Amino acid sequence: MEYKAIKELPTKAGELVTIRGWLHRVRRQGKLIFFIIRDYSGYVQAVAKPSIGKAKFVIAEQLTRETAIIATGLVKEDKRAPYLGLEIQIKSIQPALNIASPELEQEIRPDSGPQVYLDKRHLVLRGERASDIMRFRDLTTRGFRKFFFERDFVEVTPSTIVQTQVEGGSTLFGFKYFEQDAYLTQSSQLYLETLLSSLGNVFCILPSFRAEKSRTRRHLTEYTHIEAEMPWFDFEDLLNFMEDMIIQVFTSVYNHPLRIQLNPDLQLPTKPFERVSYERAIELLKEYGIKGENGAFLEYGDDITEGPERTLVDTIGKPTYLTYFPTGMKPFYMKVNETNPEVMNAADLLLPGVGEIIGSSQREDNLEVLLERMKEENLSPEPYYWYIDQRKYGSVTHSGFGLGLERFVQAMLNLDHIREACLYPRLINRATP
Ligand code: 4AD
């Protein structure tokens, strides 16, 4: 039996076809039964009439929503039909294995709260919006890979079981690795840096883990981290490179029907992005009347937390690099600025709607300064011997970044909550399903 994919049907008008898929919706109208059939490639309306014969019609009448079916019918153009402007006039339709339980109708109801939607995420993902977002996410991931491969990057997959921290001890998930202490990685950056001298430009797309106690609309405890590291790149090279990447990935999905459907208002960013130093940002927050969570204005040295950060970039209204953070505010691996040691060559990229989507920096390439910074952060050098060796054996100017894929999708689609951008969200109180 040759099965047609639903996306092929527009070229099959007048032909008898067999398709297989799931019953997305079932509706009785008088003597007719209307089905919306779903497969991996789309949706199509099909109609069963009593004229197909009593035995076949009785089978059609028993079919419930989400039953997996095999159907044969005539493809007929019908401008009124939803989705494809065509309809399948069923000759026969039968369950592939069994009829889906009618309990499905009780699983999620219109008044179900967000926890039910999360508990039933495996069913929610069959819905149009959730599956469209997953497809859009896939397009975006391909956009990033294409960008990297066009520039001769090598994709690698460092281990996510580690014994060193990257982004501070407070968000580490620790566990017993047989007899030893280990963590789930916060970032693969340090491993990427070890590859520069052999592979050159490298990137990875892997989960990172953060034991985030914060319950916000943009924090997950496990997220997909797109990280890249580039030898010979100084800070300016890094900022230009990330600008090109963001614009290319936006452009790669911009004309796709899914983007137009999911966020018709998306604006294509243009070069150059705004660049605002941390020092200037503190001034701007005051000028714009944006206060911190405790109701007071932020002062130099304060962390620019999520609320003010987002309001700031929403006010600026375009992608913005927040640069030159005070030394010590950011992790040990970031390069201390050579002319002004008070600040680091670091940049967060903020997008309107979400705020920070990228953390980036030039890396500290000077062995003495690196060891000094580790001391200041109370990090013992021993477990980092392999990282420190990079500065001993052929140190080079280099830079890199990490981008949170879910935050990026959230920003592109203007999603209320980051959980909509991932398959099975891991949140402070949830690791199921
Ligand atoms: O700014 P972060 O912590 O930077 C690093 O981990 C660097 N070592 C990356 C690098 O340079 N290779 O995280 C980078 C990005 C953030 O900008 C954000 O998009 C995302 O990772 N991110 C999270 N996304 C969802 N939930 C969380 N809890 C996240 N924490 C960070």
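Which polar side-chain atom lies 3.2 Å from a nitrogen atom of the ligand? In this predicted model, the atom in question belongs to Tyr 333. Two further polar approaches involve the ligand. A polar backbone atom of Leu 220 is placed 2.8 Å from a ligand nitrogen, and an oxygen atom of the ligand lies 2.8 Å from a polar side-chain atom of Arg 363. On its own, the ligand has 630 Å² of accessible area, of which the protein covers 95%.

The shell around the ligand comprises 23 residues, and those that come nearest are Glu 167, Gln 189, Leu 220, Glu 227 and Glu 356. Leu 220 thus appears both in this nearest group and as the residue whose backbone supplies a polar atom at 2.8 Å from a ligand nitrogen. Divided by class, the shell contains eight nonpolar, seven polar and eight charged residues. The space that the ligand takes is the largest pocket. Strands S11 (222–231), S15 (355–362) and S16 (398–404) are the elements that each give two or more residues to the shell. The greatest contribution is that of S15, which provides four residues.

The largest pocket itself holds about 1,200 Å³ of space. Its lining consists of 48 residues, of which Glu 167, Arg 210, Glu 212, Lys 330 and Glu 356 are the closest to the pocket centre. Two or more lining residues come from each of S11, helix H11 (306–316), S15, S16 and helix H14 (405–413). Strand S15 gives the most to this lining, with five residues, just as S15 gives the most to the ligand shell. The lining residues divide into 17 nonpolar, 16 polar and 15 charged. Glu 167 and Glu 356 are listed among the residues closest to the centre of the pocket and also among those that come nearest to the ligand.

The second largest pocket has a volume of about 730 Å³. It is lined by 23 residues, and Tyr 40, Ser 41, Gly 42, Asp 132 and Arg 135 are the closest to its centre. The elements that supply two or more residues to this lining are strand S2 (32–39), strand S3 (42–48), helix H5 (128–150) and helix H9 (257–262). Helix H5 accounts for the largest share, with seven residues. Nine nonpolar, five polar and nine charged residues make up the lining of the second largest pocket.

A search of the whole structure for cavities of 30 Å³ or more returns one. The largest cavity contains about 30 Å³ of space, and its lining is formed by Leu 118, Arg 121, Tyr 424, Pro 425, Arg 426, Arg 430, Thr 432 and Pro 433. By class, four of these residues are nonpolar, one is polar and three are charged.

Several backbone features were also identified. Thr 432 and Pro 433, both of which line the largest cavity, are joined by a cis peptide bond with omega of about -15°. Pro 433 is located in the segment after H14. A cis peptide bond likewise joins Lys 271 and Pro 272, with omega of about -10°; Pro 272 is placed in the loop between H9 and strand S12 (274–277). Glu 66, a residue other than glycine, has a positive phi near 75°. The position of Glu 66 is in the loop between helix H1 (54–62) and strand S4 (68–77).

Methods:
Residues numbered from 1 in each chain as written. Predicted model: local features only at pLDDT ≥ 70, side-chain atom pairs only at ≥ 80, totals over all residues. Heavy atoms only, no water. Near = heavy atom within 4 Å. Polar contact = N/O pair within 3.5 Å; in protein donor to acceptor, adjacent residues only side chain to side chain. Areas by Shrake-Rupley, 256 points an atom, 1.4 Å probe, with all protein chains shown as cover. 1 Å grid on protein atoms, 1.4 Å probe; cavity = no way out; pocket = protein on both sides within 12 Å on 5 of 7 lines; lining within 4 Å. Sits in = over half its atoms within 2 Å of the grid points. Nonpolar A, V, L, I, M, F, W, Y, C, P; charged D, E, K, R; others polar. Points joined across faces, edges and corners; volume = space filled by probe spheres on them.
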